[in-house]
Amino acid sequence: MNIIGPDALIFGVDDIADCAQYLTDYGLTPVDVNENGGRFEALDSTAIVLRRKDDAKLAAPLETGNMLRETVYGVADAATLDAIAQELRKDREVQRREDGSIASVDDMGFALAFQVTTRKPLALPGEASHAPGAPGARGVNVPGVDPQAQARPRTLSHVVYFVPDARAAEAFYVERLGFTCSDRFTGVGPFLRPAGTADHHTLFLIQTPPFMKGCEHFTFHLGGPGELMQAGSRFVEKGYQSFWGPGRHRFGSNWFWYFNSPLGCHVEYDADMDLHDANWAAREVPMSADASQLFLFQHRERWIPGGPPPKSAAQP
């Protein structure tokens, strides 16, 4: 199955205006947004879609009431769409929509849709750095810091589900849709990637009690760790609450910074994720703080040497 990755996540929310402001401040571009919702796009047009939670066009909610209502996967071509429809119709209903996409559910009850991807190809430079002994990557007289630089989300990276049975959930994506396990936390769940991407994962499944089932977080890729730090710092300055980070994960190697959100889940900035192919052998370790992150920082307000300590540092 040539599934590329998530093209969009659709949420049914209580407060359109609050969520719309959040996603705009996060760095996504509003498209056709009104009091009933709209799209919020990254540079490649992958998106978060908002709808009122009582919108009759939304997929049925999870029994936990989580605000994520549908994950829309982009696939390479119409032949892949037909193959997915044929596979899923073996044991569940598959709806063919007017726009040509198909819709169904996974074995945990999460609503899924599949469409020929609407992603736009990107041709953007990544961050460049200098290292002794390596060829100069940025050039002479080219500063590495631009306080006015934009730090825009480039593409929807991954989504994380809380599920009551991670093994059964994994089996559906691997055996029915052709996903591959990149790495695994023992007794917790796998990092999964579909066949159409080299990204370490586009889906992470975490074993939890049934009452927690839903979306734990989603994230978009940025252009590098510097962009992540700049975007996250600006987000904090706008008044949004940091939840975890900044730091760097061990599995996937991606830099991360998580924030609380009004969408009923956490929202992450992500950068510099590992890429893998069929030659990669999945690792497995028990979950622990050391396994989850290589290092972790705590954000503090700006400070100058010789000045009074930041307020956050001076507090007992």
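Helices here are DSSP runs (H or I) of at least four residues, strands are DSSP runs (E) of at least two, and both are numbered from the N terminus. Keep in mind that this is a predicted model.

**View 1. Helix 4 and the largest pocket.** The largest pocket holds about 730 Å³ of space. It has 29 lining residues, and the ones closest to its centre are Glu 127, Gly 144, Gly 226, Glu 227 and Gln 230. Which helix gives the largest share of the lining? That's helix 4, with 7 residues. Helix 4 spans residues 225-237 and lies across strand 14 (242-249), strand 15 and strand 16. Its direction is at about 15° to strand 15.

**View 2. An open sheet of 10 strands.** Reading across this sheet, the strand order is 17-10-11-12-9-13-16-15-14-18, and the pairing is mixed. Strand 17 (283-286) and strand 18 (293-296) sit at the edges; each has a single partner strand, so one side of each has no neighbour in the sheet. From one strand to the next, the twist averages 20°. Zoom in on strand 17 and you'll find strand 10 (residues 180-186) paired with it in the parallel sense, over 4 bridges. Here Phe 185 stands opposite Val 285 of strand 17.

**View 3. Helix 1 and an aromatic cluster.** Helix 1 covers residues 16-26 and lies across strand 13 (214-221), strand 15 (255-259) and strand 16 (266-271). With strand 16, helix 1 makes an angle of about 15°. While you're here, look for one aromatic cluster formed by Phe 11, Tyr 22, Tyr 26, Phe 218, Phe 220, Phe 235, Tyr 240, Trp 257, Phe 259 and Tyr 269.

**View 4. Helix 3 and what comes just after.** Helix 3 runs over residues 166-176, and Glu 170 is part of it. Is Glu 170 buried or exposed? Its relative accessibility is 10%, and the cut-off for buried is under 20%, so Glu 170 counts as buried. Neighbours within four places in sequence aside, Glu 170 touches Cys 181, Arg 184, Pro 190, Leu 192 and Leu 205. The buried residues of helix 3 are Ala 166, Ala 169, Glu 170, Phe 172, Tyr 173 and Arg 176. Right after helix 3 comes Gly 178, with a positive phi of about 80°.

**View 5. One aromatic pair up close.** Two rings are described by how far apart their centres are and by the angle of their planes. The model has 27 aromatic pairs. One of them is Tyr 173 with Phe 179, an edge-to-face pair with 5.3 Å from centre to centre and 70° between the planes. Tyr 173 is buried, at a relative accessible area of 1%, and Phe 179 is buried as well, at 3% relative accessibility.

**View 6. An open sheet of 8 strands.** In this sheet the order goes 2-3-4-1-5-8-7-6, and again the pairing is mixed. The edges belong to strand 2 (29-34) and strand 6 (95-96); each has a single partner strand, so one side of each is left without a neighbour in the sheet. Strand 3 (residues 37-41) pairs with strand 4 (residues 47-52) in the antiparallel sense, over 5 bridges. Pick out Arg 39 and you'll see its bridge partner in strand 4, Val 49. Helix 2 (residues 78-88) packs on this sheet, where it touches strand 1 (3-13), strand 5 (68-75), strand 6, strand 7 (102-105) and strand 8 (111-116). The direction of helix 2 makes about 150° with that of strand 8.

Key. Residues are numbered from 1 along each chain as its sequence is written. This is a predicted model: local features need pLDDT of at least 70, side-chain atom pairs count only at pLDDT 80 or more; totals for chains, interfaces and linings use all residues. Side-chain values use heavy atoms; hydrogens and water are left out. Two strands pair if DSSP finds at least two bridges between them. Axes are lines fitted to C-alpha atoms, for helices over the stretch in contact, and angles run from 0 to 180 degrees between N-to-C directions. Contact means heavy atoms within 4.5 Å. Rings of Phe, Tyr and Trp (its six-membered ring) pair if their centres lie within 6.5 Å; planes under 30 degrees apart count as stacked, over 60 as edge-to-face and the rest as tilted. Buried means under 20% relative accessible area, exposed over 50%, partly exposed in between (1.4 Å probe, protein chains only). On a 1 Å grid over the protein atoms alone, a cavity is a set of points where a 1.4 Å probe fits but cannot get out, and a pocket is an open set with protein on both sides within 12 Å along at least five of seven lines; lining residues have an atom within 4 Å of a point. Grid points are joined across faces, edges and corners, and a volume is the space filled by probe spheres set on the points.
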